[in-house]
Amino acid sequence: MLSVHHGSDTIGHVIFLNTATRSNGFTGLRRVGCAVLLLAVSSVAAVAQPLEDEFVPTYGIGDQMISLNLGLFIPLFFSGGDGIQGTNLSLGGTGHLAWSGFLTDQLAIGGEFGGMFAFSPNGNPLYMVPLAARLTYFLRRFPFEFPLTLAAGISFNSFNESFKVDPIVIPGVGAYWNLNTEWAFGIDLRYWWVPQLYLGQSEISTDDTRFGNFLATTASVLYRF
Amino acid sequence: MMQRNKHILVQTTICFVVLLALVVVLAGCTRGTQGIFAELEQEEKIFSNNLGEGPIAELVVSSIDGEDSYVVRKGIRLFWRPVSGEGDLPGEGRWQDLAPPPGARSAAQFLAVANGELYAVFVRESNMDFGLFQREGDFWSEDLLNESLVHRHITGMAVVPGGGSDDDLLVVTAYNRTADSNDERRERRLIVGPQEDSPVVHTFDPTGGDDLQRVVVTDDGPAGAGVATVWMQGNGLWHMPLSELSGAANTINQAGAPAGTSDIAVFSGSTTDDWLVAVTLRGDVWLSRPQDGASISGWRSSENEEPAAQRSGTAFSTIAVVRNAEGDEPGLAVLGTRSQRNTLARGFFDASITPSSDGRPEMRIREPRGNYSSTQMRTSGVERFVVDTTEVTGIDGVRLFALTPNLGLFRADGYSGNAEDRWITE
C-alpha cells in the first residue's frame, strides 16, 4: 500500500498493488527480479512526473523497496592485535543490493547482499562478500529523507589462499532525494565492522584475531513498489 | 490485507532464522594458515628485480666479464647479474641475457662451476649431440666435451668440491645412440672430468642413475674411522668412496633410501659426525649417519626407524642446510615443497636441527617467519634452494635463493629463520 498525503491529511489517493499475485511465491520472486532489472536498466532514465510539493508519500506494511549501491571502499584500520594497525590495503570498490519491506512509515526491515575488493601492497586482492539482515529507520523532510541503517550478518572473506566466514555489522547513514513516490537517489556512508575471531579451533593462532574497520561511501538508486 | 501483512511478517521471520542459522553454521569455516587481517597487517611490498616469473632451474656463482656474478638457467635461457649491485638497494644489479656459444642452440641444459670456471651443457646446432662449453672472460670456449662422449645423451651435471682448485666436474650419460648393442646403448655412466683428455668413466649398477640432481660428500668422521663418500641423488641414491672418484673405472652401487626420496643434504653438528638428511615426497625427513659404513642399512632418527620429522599432506621437493649447529645454537635447514592441491602444504618450511646429547640431531619443522607470508612463494613451491656464502658488503650471513617452478627467483639476504628475514623477487 502506498498512500500519498497532502499536508498532514491523507487524501485517499491509494495505490493498491496486485495483491492477488502476492500469495504466489514464484510470482513474488519474479516481481523482485523485475524490480532489480528495472533498477539496473532504467534507473538513470527513469521518467516520472516530478512530485508536486503538496504531496508527501507515506509507506506501510506491504510496501517494499529495493536499492542498488556502488562506490568506494576505504580501509581504515585493524584493531585487536598490537593496538591500532594500518590495513595495508588500497582504496577499493564496493557495492550491494538491498531489499526491505516497510513495517511502518519510518521503519523497514530486509536484507542485503554485497561485496568489496581492495588490494594488498603486492597486488593481492581481498574480497569480502557480506550477506546481512538490515533494519532502516527513516528521518524525512520531503522531498529528502535520511535513512539510518543497521545491517548485521556474515561476510565471506577471501585473501590469497585463506578463506573465512566472519560476522559483520554495518551501521550507516544516507541522504536521498525523492524524484517521485517510486524513485529516489542519494548517497550512503556505511561503517563495516568485521570481527575476525580465531578461537583456537583451527591451525590459526588466536593471536591472529583482529577487528576490521572499513568505510564504504556509495551512490544509491532506490525503487519503491 | 491482514492476511497479506501476516504473510510478510512470516517471510521476514523465516529469513532471519535462516540467516541466524547461516551465521552459526558458517562461522567456523576457515581455510589458511594465518588470519586474513593479521596477514594483511604484516604484508610488505616485495621488491622486484627484472628477472620476472618463470621456471628457475639452476643458479650458480661464477665470474662473468671479470665480475663475481650469479648465473641462472631460466627455462632454457641463461641470465646473469653481478653479485654486488652498483648501489645499496637490494637487487639493484639488473639481469642480463647470457647468449649461448656460437654453434650451439639457445637451449641450455645444465650449469656447473668447477675450479671457479663456469661450464654449461648446450645442444649443438649441427646435430642433436650435446656440447660442453666453458665461459672464458666475455666469450664461450669451443666445445670441450671429450670426443668419446659426443654421441652420449647427458642427463645431469654436478661438481664434487675439492677445495677450489681441485674440483671434479661430473656428468651423467644415460644413452649412447651410436653403441652397437642395446645393453651398451642403455648403459648409464658417470663421467669424471668430461672436459679432460682422459675422463674417468664409472658405470652405475644396476642400470639406474638417470640423472644427477644432487651430489654431496660426507667426510670420514672425526677419527677418520669412516669413509669419505660421494652421494649422488637422482632416480635413486648412489654412492662411491671419494678416493675412488678420480681413480680407475669402477662400479657405482645403489644405497638404500627412504621411499619417495626427492633430495639429500649433509648436516654436521658441532659434536656430531656428518649426517645425511633425506626429504621425501611423502612429507618425511630422514637422517642417517654414513660413518657407520659406506653402505647405509637404514635411515633413522631413532632405534625404531621413524622419520626425524614429518608434515602430513606435504610433498618435500628439496632441502638445503642454511647453517650447521654451533654450540647451543641449533642448525637451520629449509624444506621446499612441490606445489599441490593442499594449499597448506605449499611454499617452504624452516627446520631447526639440534644435536642431542647422544649426538643424534632432532628436527622441528615450522612455518617461516619474516615477510614470507607476503610473497607468492607460498602459493607455489620451491624446486631448489641455493645457499650463497659469497661475501657481500652490508650483508651479514648467507644469501638464500629459492628457485621456484613458475614464479621466478626469490632471495633473502642474511637468512636466519627469524622475524627479520626479508624476501625479494629477482
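In this predicted model, K164(A) stands opposite T30(B), a residue of strand β1(B). That pairing belongs to a junction between the two chains, in which β10(A) and strand β1 (residues 30–31) of chain B run antiparallel and are joined by two bridges.

Around this junction lies the interface of the two chains, to which chain A contributes 46 residues and chain B 39 residues. The area buried between chain A and chain B comes to about 3,800 Å², with 61% of it given by carbon and sulfur atoms. Between the two chains, 15 residue pairs are in polar contact, counting pairs with both residues at pLDDT 80 or more. On the side of chain A that touches chain B, at least two residues each are supplied by β8 (125–141), β9 (144–159), β10 (162–178), β11 (183–196) and β12 (210–224) of chain A. The largest share of that side, seven residues, comes from β9(A), and by class the side holds 23 nonpolar, 17 polar and six charged residues.

Side chains of opposite charge can pair when their charged atoms come close. Across the interface of chain A and chain B one salt bridge is found, and R210(A) forms a salt bridge with E41(B), with the closest N and O atoms 2.8 Å apart. Over all chains, a search of the whole structure finds 21 salt bridges.

Turning to chain B itself, its secondary structure comprises four helices and 29 strands, and 53% of its 426 residues count as buried. Of the contacts in chain B between residues at least 6 apart in sequence, 46% join residues at least 24 apart.

One part of chain B that can be followed strand by strand is an open sheet of four strands, in the order β6-β7-β8-β9 and with antiparallel pairing. Its edge strands, each of which pairs on one side only, are β6 (104–114) and β9 (139–140) of chain B. Strand β8 (residues 130–136) of chain B pairs with β9(B) in the antiparallel sense over two bridges, and W140(B) in β9(B) is the bridge partner of R135(B).

R135(B) also takes part in a salt bridge, its side chain meeting that of D65(B) at 3.9 Å, N to O. Because R135(B) lies in strand β8 of chain B and D65(B) in the loop between β2 (56–64) and β3 (67–74) of chain B, the pair ties together parts that are 70 residues apart in sequence. At 8% relative accessibility R135(B) counts as buried, whereas D65(B), with a relative accessible area of 37%, is partly exposed.

A second salt bridge involves strand β7 of the sheet, where the side chains of R124(B) and D143(B) meet at 2.6 Å, N to O. R124(B) lies in strand β7 (residues 117–124) of chain B and D143(B) in the loop between β9 and β10 (152–160) of chain B, so this pair ties together parts 19 residues apart in sequence. R124(B) is buried at 18% relative accessible area, while D143(B) is partly exposed at 23%.

Towards the end of chain B, R411(B) forms a salt bridge with E426(B), the closest N and O atoms being 2.7 Å apart. Since R411(B) lies in strand β28 (residues 409–413) of chain B and E426(B) in the segment after β29 (423–425) of chain B, the pair ties together parts that are 15 residues apart in sequence. Both R411(B) and E426(B) are buried, and salt bridges with shared partners join R81(B), R399(B), R411(B), D413(B) and E426(B) into one network.

Methods
Residues numbered from 1 in each chain as written. Chains lettered and ligands numbered in written order. Heavy atoms only, no water. Contact = heavy atoms within 4.5 Å. Buried area = accessible area lost by both parts, 1.4 Å probe. Salt bridge = Lys/Arg side-chain N within 4 Å of Asp/Glu carboxyl O. Polar contact = N/O pair within 3.5 Å; in protein donor to acceptor, adjacent residues only side chain to side chain. Nonpolar A, V, L, I, M, F, W, Y, C, P; charged D, E, K, R; others polar. Pairing = 2+ DSSP bridges. Buried < 20%, exposed > 50% of the residue type's maximum accessible area, 1.4 Å probe, protein only.
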